[in-house]
Amino acid sequence: MPRPRSDDKRAAIIAAATRIIAAQGLGAATAAIAKEAGVSNGSLFTYFDTKADLLNQLYLELKGEMGAAALGGLPAVDARTQMLHMWSRWMDWATANPLKRRTLAQLQVSDEITASTHESANRTMTGIGEILERSRANGPMRDAPAALVFTLSNALAEATIDYIIGDPDRADEHKQSGFEALWRMIG
């Protein structure tokens, strides 16, 4: 039987870290992550120098995946339509990936995530930021600090995602209601 490639092991560790952190939090032992990934604890450090390195890489991967999902298939149309597309895809990604969402939320506020990692993650979200900026250019939040607008938008998204998860039969209705609230705030 062929040995797994190092990329496969790294991916297995990232996937295991997502599951373990979602279940146990950021204080989870690397030994638990390694066991879940099917590698020895020492092998984990072949792919990541430290636990902090693993957390930073995991954060970048999850942010990149979420951003790619939100921007995938983005139509070249007006800002409102692009914003609705991005919002819908974001909601779809988050509700389809609850463990990734939970892990990302913990990593977002972790002191282990370095400033340079946050900056790199923000660069992967540039397209989202550009759409949000175009969307608010003439709206009531046009003069508000961008960070405040992003934080408010994220809070609204999280509330909407929670409602979708709690009431999946009305997911489309909740998704649309959340978007309309967002658009009234920024558009």
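Lys175 touches Trp87, Ser88, Met91, Asp92, Thr160 and Ile164, leaving out residues up to four places away in sequence. In this predicted model, Lys175 sits in helix H10, which spans residues 171-186. Is Lys175 buried or exposed? Its relative accessible area is 13%. The cut-off for buried is under 20%, so Lys175 counts as buried. Trp87, Ser88, Met91 and Asp92, four of its partners, have numbers that fall within helix H5 (79-96). Thr160 and Ile164, also in contact with Lys175, have numbers within helix H9 (146-166).

Step back to the whole chain. The protein chain holds ten helices and zero strands. Read from the N terminus, its elements run α-α-α-α-α-α-α-α-α-α. Along the principal axes, the C-alpha atoms fill a box of roughly 55 × 40 × 30 Å. The chain has 187 residues, and 39% of them are buried. The exposed area is about 9,800 Å². Carbon and sulfur atoms supply 54% of that area.

How do distant parts of the sequence meet? Take the contacts in the protein chain with a separation of 6 or more: residues 24 or more positions apart account for 69% of them. Gln106 gives an example. This residue belongs to helix H6. Setting aside neighbours within four places in sequence, Gln106 is in contact with Ile21, Ala22, Gly25 and Leu26. Ile21 lies 85 residues from Gln106 along the chain, yet their C-alpha atoms are separated by 8.3 Å.

Two further residues show long sequence separations. Thr126 is in helix H8. With a relative accessible area of 38%, Thr126 is partly exposed. Its C-alpha atom is 8.9 Å from that of Gly67, and the two residues are 59 apart in sequence. Ala137 is placed in the loop between H8 and H9. Why does Ala137 count as partly exposed? Its relative accessibility is 41%, and the partly exposed class runs between the 20% and 50% cut-offs. The C-alpha atoms of Ala137 and Ile186 are separated by 8.3 Å, across 49 residues of chain.

Now the empty space. Rolling a probe the size of a water molecule over the atoms shows where such space is left. The largest pocket holds about 740 Å³. Its lining has 27 residues, and those closest to the pocket centre are Lys63, Met66, Trp90, Phe150 and Asn154. Which helices supply at least two residues each to this lining? They are helix H4 (51-71), helix H5 (79-96), helix H6 (98-108), helix H8 (126-136) and helix H9 (146-166). By class, the lining residues divide into 18 nonpolar, six polar and three charged.

Finally, the record. An unreviewed UniProt entry carries the annotation "domain: HTH tetR-type" for residues 7-66. In the model, the chain over residues 7-66 is 82% helix and 0% strand. The end C-alpha atoms of residues 7-66 are 21 Å apart. UniProt also lists residues 29-48 as "DNA-binding region", again in an unreviewed entry. Over residues 29-48 the chain is 75% helix and 0% strand. There the end C-alpha atoms are 14 Å apart.

Technical notes:
Residues are numbered from 1 along each chain as its sequence is written. This is a predicted model: local features need pLDDT of at least 70, side-chain atom pairs count only at pLDDT 80 or more; totals for chains, interfaces and linings use all residues. Side-chain values use heavy atoms; hydrogens and water are left out. On a 1 Å grid over the protein atoms alone, a cavity is a set of points where a 1.4 Å probe fits but cannot get out, and a pocket is an open set with protein on both sides within 12 Å along at least five of seven lines; lining residues have an atom within 4 Å of a point. Grid points are joined across faces, edges and corners, and a volume is the space filled by probe spheres set on the points. Helices (H or I, at least four residues) and strands (E, at least two) are DSSP runs, numbered from the N terminus. Ala, Val, Leu, Ile, Met, Phe, Trp, Tyr, Cys and Pro count as nonpolar, Asp, Glu, Lys and Arg as charged, and the others, Gly among them, as polar. UniProt positions are given in the numbering used here, feature names are shortened, and annotations may be inferred rather than shown by experiment. Buried means under 20% relative accessible area, exposed over 50%, partly exposed in between (1.4 Å probe, protein chains only). Contact means heavy atoms within 4.5 Å. Accessible areas come from the Shrake-Rupley method with a 1.4 Å probe; for residues, only the protein chains shown count as cover.
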